[in-house]
Amino acid sequence: KEIKLRYSLLWPASHPITKLAQEWAKDVEAATAGRVKVTTFPGNTLTPPMQAYDAVVKGIADMAANLLAYAPGRLPLSEVLQQPLGYLSGYQASKLANAYYKKFKPAEFNDVQVMYLHGAAPGFIMTKKAVNSIKEVKGLRIKANAENADIVVNLGASPVTMPVSDTYDSLQRGVIDGTLFPLEALQGYKIGEVVKTVIQDYGISYMTSMYVIMNKGKWNSIAPEDQKAIEALNEVYNEKQAKLWSELDNSAKTWATQKGVKFLDVSKEDQAATVALMKPILDKYVAMTKAKGLPGDEALKFCLDFIRDNP
Amino acid sequence: MKHFMALVKKVDTVLYVMAGAILVGMVLLTLCDVILRNFGYPITGSMEIIMYGGALVFGFSIPLASMLKAQVQVDLIVEKLKPRNKKAVTIATRVVGILLFLFVAYNFFLYGFDVKRTGEITSSFKIPYYPIVFALSFSFLFQSLTLIYDLVEVIREKADAMEESAS
Amino acid sequence: MSTEVLTGIVGIIALLALFLTGLEMAYCMVLVGFLGFTALMSFIPASNLVVKEFFDAFTTYSYTVIPLFVLMGEFASNTNIAKRLYTGAYKWFGHVPGGLAMTTVVGATAFKAMCGSTLATVGTFSGLAIPEMNRFGYSKELSAGTVASVGTIGMILPPSTVLILYGLICEQSIGRLFLAGIMPALMIALLFMLVIAIWVTMKPSIAPKGEKSTWRERFKVLPEMLAVIIVFVIVIGGMMVGFFSPTEAGTIGTVAVFVLALVRREVSFTMIKRSLKGSLKTAIMTLMLIAGSSVFGRFLTITEIPFRAADWASALPLPPWVVMFMIIAIYLIGGSIMDDLAFMVLATPIFLPTALALGYDPIWFGIMISITLMIGGLIPPIALYVFITGNITGIPFKTIYKGVVPYLGALAFALVLIFVFPQIITWLPNTLMGAM
Ligand code: NA
Ligand code: NA
């Protein structure tokens with residue numbers, strides 16, 4: 001009997017990540033000799049982004065790829081991934097996200113079957129006016145998603161929350177002076193058209209973490225040998241996805257440079273100062289998980305060690 | 001029946017007044033945010049409160065909007081029917097509406113417990129989402145009751161019309 | 001034909017049939033979407049779909065702009081502010097045939113540029129401009145038809161949500177798209193004025209001409225109008241220099257109009273109550289339609305009809321312009337039965353590659369389909385802008401549809417012009433930003 005999977009994707013049809021997901025779908029079909037068929041629905045056409053996770057739980061979609069942050073409060077231990085841990089690249093971040101999942105198998109994901117986790121990094125501050133130091137961020141109005149607002153606050157700037165789709169227009173008009181985004185957004189959200197400087201301070205570098213999940217019931221209906229085949233493919237595709245993020249970052253960087261965006265390097269001292277400023281955010285995360293009886297300290301240590309050992 | 005009708009009307013009005021009050025609050029909050037932001041003190045997460053308030057504004061307006069017949073419908077064909085057929089069609093559509101919103105209210109009720117269990121909260125202020133869900137469930141329940149009210153009115157009109165034709 | 005496509009076609013027909021029973025349209029869409037989803041998936045996911053689409057629509061930040069902007073319009077029309085503005089405009093342009101309708105076109109276009117929301121523009125002007133035009137003897141066809149149509153110009157006038165979305169989906173420069181939208185938007189505004197001029201010449205009774213006022217009378221009303229214009233400038237100016245975002249402009253405008261009414265001692269508890277009621281009524285009506293449209297839209301998505309239509313259109317061995325013509329026809333149908341933005345997201349990634357392969361410019365394509373979706377919002381079965389206008393003013397849809405027809409003609413003419421002279425779109429961005 002053929003099992004049909006409807007796969008909801010955040011990215012539009014033309015996006016390389018959608019293309020990769022479609023490649024995964026083809027490989028799954030081949031590896032299961034057609035017993036599992038996957039149809040992709042790009043651009044949030046099957047589920048609104050804020051509902052994607054729960055839509056998979058409820059079986060509205062059979063699969064989804066979206067942001068962990070769009071299920072706020074639901075995945076507390078995994079919030080470790082979005083902290084300013086000093087991510088160096090999208091490759092490193094994606095490998096870490098998946099390694100973290102495998103190590104901790106957090107119970108918060110129990111209502112779905114995780115295929116793999118990955119994410120966009122490094123996340124930096126990008127400013128409308130040219131700046132020469134991370135210190136100049138003080139007092140600026142910076143767009144940040146709520147989960148990253150503390151990064152901006154601790155740098156002495158004012159965080160402004162707004163929909164991603166408003167960011168371009170607000171930068172252009174000067175409603176905000178800058179924005180906190182992963183590098184990929186320079187090209188992906190066209191932010192490179194409206195900013196002058198990207199402050200490459202790895203002290204604040206965070207990850208926009210993402211999941212690829214399947215409905216539990218659907219997963220259980222797949223024959224064990226086909227499950228194995230899919231799991232093997234997930235390993236391959238986590239690697240491909242990780243590489244893709246680094247490619248996207250490089251391409252965004254080249255594209256933005258052509259648009260006249262300057263990539264500011266930050267001195268060792270400045271970066272050390274930033275790391276100190278970010279420390280309270282990590283403490284807050286650990287305290288939050290402790291209150292819920294979760295091993296946040298262990299998760300944090302695992303991630304920091306991973307970043308140190310896998311440059 | 002009289003008591004029921006009065007109660008529905010009363011609750012609908014209370015909900016509507018609350019919606020209006022929240023809307024005024026949203027105006028004031030945005031105003032403060034814009035002013036303070038230009039002095040360097042933005043209200044972090046104001047977007048979230050506006051979103052939360054908006055959900056309640058929309059939700060609490062549902063029942064009375066139905067009482068005011070504010071929902072869009074195509075009446076081109078129905079208007080052309082004979083009065084008796086028109087009544088029958090209207091009664092049928094009211095019943096469909098009543099069942100639909102009882103169903104929606106019930107599912108929202110279940111969803112409320114679900115959101116409470118999974119602990120979904122807004123990102124900045126960590127306000128739980130489940131109160132919105134229960135509020136919407138309540139609004140949809142009264143939407144359904146309002147449609148029952150409407151149905152009773154339609155049937156009564158029918159009785160009135162019959163009396164008229166008899167006399 | 002697959003089960004999915006067949007179910008989808010049955011669903012569309014069922015929806016249209018259900019509309020005719022007089023069941024509220026939003027309820028029809030929820031019901032058919034739910035049943036269709038149950039048929040293709042199953043009962044529990046379909047029940048959850050309904051709840052989640054309602055919840056998502058109600059908790060979307062961008063939609064809060066609707067009650068906030070409509071509140072500004074309500075304040076203006078429930079005090080004497082709107083009245084004085086139109087009395088003033090009448091003194092200046094009342095002797096021109098259709099002068100007030102033309103003023104409304106200009107006003108609504110400027111307003112849309114300010115608030116960024118087509119829905120809010122139509123909602124605001126329905127309450128504000130239609131009663132005023134009718135007061136001066138304009139026919140309801142003309143007044144309501146103008147307001148229902150004019151909000152759509154904003155779809156391509158920056159800052160435009162549709163264009164931002166298109167830019168992100170299709171990886172096009174948003175700045176370039178904004179520039180590209182200006183000329184066709186102005187052209188359509190001019191065409192609308194032309195429509196009014198021709199229409200009024202053919203049927204003078206729909207817009208009685210006023211006496212030509214003396215310059216003395218005109219300058220006398222100027223201070224009255226000036227107050228409103230100052231509010232306008234504060235809101236637009238504040239947005240330009242970055243004091244607030246377009247989404248926030250509605251609130252600022254509401255406060256500004258309120259203060260103006262306060263200064264003129266026109267604020268009363270009754271006025272506030274009535275304005276809030278009007279704003280909530282429009283907001284919930286729109287939201288129910290949006291939620292209903294999303295439930296139905298998700299059902300259409302899983303039927304895979306949009307994908308099939310794309311495969312079919314791009315596989316045809318026909319000259320490029322015929323294929324493009326068919327793509328536009330698909331957008332027209334899609335835009336007429338679904339939410340504009342939803343259809344844009346669903347269909348554009350499928351058709352853009354075809355358009356590029358046929359040698360069409362992606363910026364040109366973006367503006368072209370935006371105008372097409374604009375038309376979709378004005379034609380049955382789901383003519384959102386007509387519904388909003390009808391609901392706020394109580395004017396029958398039939399009358400409004402009649403009033404919209406001439407403007408549809410202008411929009412169709414605009415599409416033809418843009419087809420023949422793509423430079424209307426590409427000239428400004430290419431001149432200012434260099435050719436692509
Ligand atoms: Na339509
Ligand atoms: Na539409």
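A residue counts as buried when its relative accessible area is under 20%. Keep that cut-off in mind as we walk through this structure, which is a predicted model.

Let's start inside chain A, with strand β5, which covers residues 123–127. How many of the residues of this strand are buried? The count is 5 of the 5, so strand β5 is largely enclosed by the rest of the structure. You can see how this works by taking the strand one face at a time. In a regular strand, the side chains alternate between the two faces of the sheet. In β5(A), one side carries A:Gly123, A:Ile125 and A:Thr127, and the other carries A:Phe124 and A:Met126. Residues on both sides are buried, so to speak, from above and below: both faces of the strand are covered.

Now look at what lies along the edges of β5(A). Strand β8 of chain A, residues 178–182, pairs with β5(A) in the antiparallel sense, and 5 bridges link the two. Strand β9 of chain A, residues 197–200, also runs antiparallel to β5(A), joined to it by 3 bridges. A good residue to click on here is A:Ile125. Its bridge partner in β8(A) is A:Leu180, and in β9(A) it stands opposite A:Ile199.

Next, move along chain A to helix α8, which spans residues 224–258. Two of its residues are worth a visit, A:Asn238 and A:Gln227. Take A:Asn238 to begin with: is it buried or exposed? Its relative accessible area is 3%, and the cut-off for buried is under 20%, so A:Asn238 is buried. What does its side chain meet in there? There is a polar contact of 3.3 Å with the side chain of A:Asn98. The side chain of A:Asn238 also reaches the backbone oxygen of A:Leu117, at 3.1 Å. If you leave out residues up to four places away in sequence, A:Asn238 touches A:Ser94, A:Lys95, A:Asn98, A:Tyr116, A:Leu117 and A:His118.

A:Gln227 sits in helix α8 of chain A too. With a relative accessible area of 17%, A:Gln227 is buried as well. Setting aside neighbours within four places in sequence, A:Gln227 is in contact with A:Trp219, A:Asn220 and A:Ile222. For A:Trp219 we can be more specific: its backbone oxygen lies 2.7 Å from a polar atom of the side chain of A:Gln227. Folding also brings in a part of the chain from far off in sequence. A:Val28 is 199 residues away from A:Gln227 along the chain, yet their C-alpha atoms are separated by 9.8 Å.

Time to step outside chain A and see where it meets chain C. This contact involves 36 residues from chain A and 39 residues from chain C. The size of an interface is often given as the accessible area lost when the parts come together. For chain A and chain C that comes to about 3,100 Å², with 59% of it on carbon and sulfur atoms. There are 12 residue pairs in polar contact across this interface, and 4 salt bridges. One of the salt bridges is between A:Lys4 and C:Glu4, whose closest N and O atoms are 3.3 Å apart. Which parts of chain A do the touching? Elements β1 (3–9), β2 (36–41), α2 (52–58) and α5 (164–173) each supply at least two residues. Of these, α5(A) gives the most, with 7 residues. Sorted by class, the side of chain A that touches chain C has 12 nonpolar, 13 polar and 11 charged residues.

Chain C has another partner, chain B. Here 49 residues of chain C are in contact with 54 residues of chain B. The two chains bury about 4,700 Å² between them, 78% of it on carbon and sulfur atoms. Three residues, C:Phe55, C:Phe58 and C:Leu280, supply 14% of the area that chain C buries against chain B, more than any other three residues. Polar links are present too: 6 residue pairs are in polar contact, and there is 1 salt bridge. That salt bridge joins B:Arg94 and C:Glu24, with the closest N and O atoms 3.0 Å apart. Several helices of chain C each supply at least two residues to this side, including α1 (3–20), α3 (43–58) and α19 (397–420). The largest share, 11 residues, comes from α13(C). By class, the residues on the side of chain C that touches chain B divide into 33 nonpolar, 10 polar and 6 charged.

Technical notes:
Residues numbered from 1 in each chain as written. Chains lettered and ligands numbered in written order. Predicted model: local features only at pLDDT ≥ 70, side-chain atom pairs only at ≥ 80, totals over all residues. Heavy atoms only, no water. Buried < 20%, exposed > 50% of the residue type's maximum accessible area, 1.4 Å probe, protein only. Helix = DSSP H or I, 4+ residues; strand = E, 2+ residues; numbered from the N terminus. Pairing = 2+ DSSP bridges. Contact = heavy atoms within 4.5 Å. Buried area = accessible area lost by both parts, 1.4 Å probe. Salt bridge = Lys/Arg side-chain N within 4 Å of Asp/Glu carboxyl O. Polar contact = N/O pair within 3.5 Å; in protein donor to acceptor, adjacent residues only side chain to side chain. Nonpolar A, V, L, I, M, F, W, Y, C, P; charged D, E, K, R; others polar.
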